[in-house]
Amino acid sequence: MRYEAPATAKAAAKLLLGAKGSAKILAGGTDLLVQLRSGMKPPGLVVDIKHIAAMSGIKKERGGFRIGAAVPSAVMGENKGLGKAWPGVVEATGLIGSTQIQGRATMAGNLCNASPAADSVPALAAAGAVARIAGPGKRRDIPAEKIATGPGKTSLKKGELVESIFLPKRPPRSGDAYLRFIPRTEMDIAAASAGVNLTLDRKGVCTAARVALGAVGPRVILSAKAAKALIGTRLEDSALEGFAAACSAAATPIDDKRGTKEFKTHVAGVLARRAAVIAYERAGGKP
Amino acid sequence: MTKTAVSTTINGDAAEFLCETGETLLDVLRDRLDLTGSKEGCGTGDCGACSVMLDGRLVCSCLVLGVEAQGRAVETIEGMAEGETLHPLQQKFLEHAALQCGVCTPGFLVAAKALLEVNDDPSESQVRYWLAGNLCRCTGYDKIVRAVLDTAKDMRSARA
């Protein structure tokens, strides 16, 4: 296993592209080192991205935030401006693991590890986050929800890596929230989860919404139908009932040790409804 | 296999070691530098027995590669006491009998010290959440939590 710590994204892309055998990107290592330990064939090359300046900070950009791929969750949690602008995304990322894990784990790593239960991904998808991909050619921007294509699989080509994740500027009266269900009280993997991001008009009527469900399908589910159930409403009980039903209908979970299909289908709707209410209040809506 | 030479700082002192790229920082601390205070419980970042500070941030050393320590500052349990004088947390853990077998204790102490550095007046719930990544199968946690809260109280009144 060869270890390289390049100083630029270009150099990282070149290393990845030139790798003879398998190559892995090392950001926080909280998934990679566990995989290595659990008997994964060691990759021929590990590229540590933590020495790349463009990947190591949180920057304000066009009223939004650009978060470097090597930024650990703890640093996101300490950034007051980011937490104020995108509380749902910051809370989702903050749910991943313990204090020790938070000191290392990155949101980009969570995205690229491509677990169906990744906590930050529904929040990112709901937020309309955009991943910036560096590679051998020109940089390109793609929606965060297009990175994972299935469990452990991504749409990134050989030589490509996520350089940063952009959270756009939000209109006034916007709010987001993320909730998950876990069988324990802390530090567990989601059995079902939901991210909601919405905008209200001056009268408190929802004018735009994005709704994403996690852990209830092979990849994150962005449901336009569920979002539609919120738009034009003040999130009255009847609207929320229809919304929860639309979310449950969009869920396609499997039976596993974390819960039955029926349970996860129901809980996806319940969580989405509760997340929508939190997002609504954060947007300034009156309950 | 060729080994990589790594220069780092451990508990304030310059340190150099040779390691293979697949070795974790925990492996290096224990097997190459004879700093066996950090323990291996799970090896997968769940139990916190290997907790150390890396550039001022609490991490599991089992989830860090040894080669990543190049140019960085590592603090381990061995740097906590000053000679024969125990750190206040170590003293309180003894007074409260906040340990039994002792395997998790170094990790708890390193993690608790990191908490008190950022928050000298934590609530019980904040202590429990902060230490949720440190597992103890002997004490039931109560004594540990009380020892941390008691230390925080003493540290505050010493400063006042």
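**Close-up views of chains A and B**

**View 1. The largest nonpolar core, centred on chain A residues with many contacts.** The largest nonpolar core holds 144 residues, and those with the most contacts inside it are Ile49(A), Leu111(A), Val196(A), Cys247(A) and Ala272(A). Such a core is a set of buried Ala, Val, Leu, Ile, Met, Phe, Trp, Tyr and Cys residues joined through C-beta atoms within 7 Å. Helix 11 (residues 261-282) of chain A gives the most to this core, with eight residues. (Helices, H or I of at least four residues, and strands, E of at least two, are DSSP runs numbered from the N terminus.) This is a predicted model: local features need pLDDT of at least 70 and side-chain atom pairs count only at pLDDT 80 or more, while totals for chains, interfaces and linings use all residues. Residues are numbered from 1 along each chain as its sequence is written, and chains are lettered from A and ligands numbered from 1 in the order in which they are written.

**View 2. Around Cys247(A).** Setting aside residues up to four places away in sequence, Cys247(A) touches Ala194(A), Val211(A), Leu213(A), Ser223(A), Ala226(A), Ala268(A), Gly269(A) and Ala272(A). Contact here means C-beta atoms, placed from the backbone, within 7 Å.

**View 3. Ser56(A) in its loop.** Look for Ser56(A) between strand 3 (45-48) and strand 4 (58-61) of chain A. Ser56(A) is partly exposed, with 16 other C-beta atoms within 10 Å (20 or more would be buried, 12 or fewer exposed). Beyond neighbours within four places in sequence, Ser56(A) is in contact with Lys50(A), Gly68(A), Ala70(A) and Val71(A).

**View 4. The open sheet of chain B.** Five strands run in the order 2-1-5-3-4, with mixed pairing; two strands pair if DSSP finds at least two bridges between them. Strand 2 (13-19) and strand 4 (57-60) of chain B stand at the edges with a single partner strand each, so one side of each has no neighbour in the sheet. Strand 3 and strand 5 (residues 73-75) of chain B pair in the antiparallel sense over two bridges, and Met53(B) stands opposite Glu75(B) in strand 5.

**View 5. Where the two domains of chain B touch.** The domain assignment (automatic or from a database) gives domain 1 (4-79) and domain 2 (88-159) of chain B. Here, 13 residues of domain 1 are in contact with eleven residues of domain 2. On the domain 1 side, strand 3 (residues 51-54) of chain B gives the most, with three residues.
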